[in-house]
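Here is a short briefing on charged pairs and one polar side chain. Please have a look at the structure first, and then read on.

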Amino acid sequence: MTILFISDLHLSPLRPNITDCFIDFMQNEAIHAEKLYVLGDLFEFWIGDDDNSPFNVSIKNEFKALTEKGVKCYFIQGNRDFLLNKRFCKETGVDLLDDHTVIDLDGEKVLIMHGDTLCIDDIKYQEFRAKVHKPWLQWVFNRIPLFIRQRIVKNVQDKIKEKKQTKTLCIMDVTQSEVERVMQEEGVQRLIHGHTHRPDTHTFISNNKEMTRIVLGDWYSQGSILEYSDKIYSLHKKEFK
């Protein structure tokens, strides 16, 4: 049994090397797995399931081809694609999971998530996240003409880039106390997440128990994949061609 985890690809027509790496991964690696978990930020920004641009359709086709071959695919929304919803899933065969989802891996309970909710020191971001996740606001936004949504998103992206330049790396990383609180609340000793773009495996002691936090990397300069097989977790890179 092989299970794969990826996150933070930030797919965009402006980064064809990442797209090519993703397609190669889907067609030559994911096809041999039992399950694929995408832990958010698959896209640079997803403005709605009705955006059927040629690029978006091509990505959806990769998932559809994979699920039709019998590979189970699961998706957790990230901070860039929190508007990805039921229509995308219906068209691709992907299952949408809750922000915090506990899965069973050979008898071990493992918590998977995007990871942005763990960065509680970034107060401004958490305030922004709370606003854009309001159901009524998403309902309104999804009914705005597509070309207007594109302009709104472009403006938001520009502001995000400006704010990132003034933030410290510490603020944009997870808060350890929040990591421990969430893991204890969910009753797990292993957590897998993305968002911070800092691939690594962290072990620590909490309440006299050994805990493990595995962080997936981004796909800006190479692919980042977590493979689980025979109770072994392996983080590895996929080089661009």
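Arg129 and Asp116 form a salt bridge (a side-chain nitrogen of Lys or Arg within 4 Å of a carboxyl oxygen of Asp or Glu), with their closest N and O atoms 2.8 Å apart. Arg129 sits in helix α4 (residues 123-132) and Asp116 in the loop between β6 (108-113) and α4, so the pair ties together parts 13 residues apart in sequence. This is a predicted model: local features need pLDDT of at least 70, side-chain atom pairs count only at pLDDT 80 or more, and totals for chains, interfaces and linings use all residues. Residues are numbered from 1 along each chain as its sequence is written, and side-chain values use heavy atoms, leaving out hydrogens and water.

**Burial of this pair**
- Arg129 counts as buried (under 20% relative accessible area, 1.4 Å probe, protein chains only) because its relative accessibility is 14%.
- Asp116 is buried too, with a relative accessible area of 3%.

**Other salt bridges**
- The whole structure holds 14 salt bridges.
- In one of them, the side chains of Lys238 and Asp24 meet at 2.5 Å, N to O.
- That pair links strand β11 (residues 232-238), home of Lys238, with helix α1 (residues 16-28), home of Asp24, 214 residues apart (helices are DSSP runs of H or I, at least four residues; strands of E, at least two; both numbered from the N terminus).
- Both Lys238 and Asp24 are buried.

**Ser229**
- Ser229 lies in strand β10 (residues 223-229) and, at 18% relative accessibility, counts as buried.
- The Ser229 side chain reaches the backbone oxygen of Met1 at 3.3 Å.

Note on methods:
Buried < 20%, exposed > 50% of the residue type's maximum accessible area, 1.4 Å probe, protein only. Polar contact = N/O pair within 3.5 Å; in protein donor to acceptor, adjacent residues only side chain to side chain.
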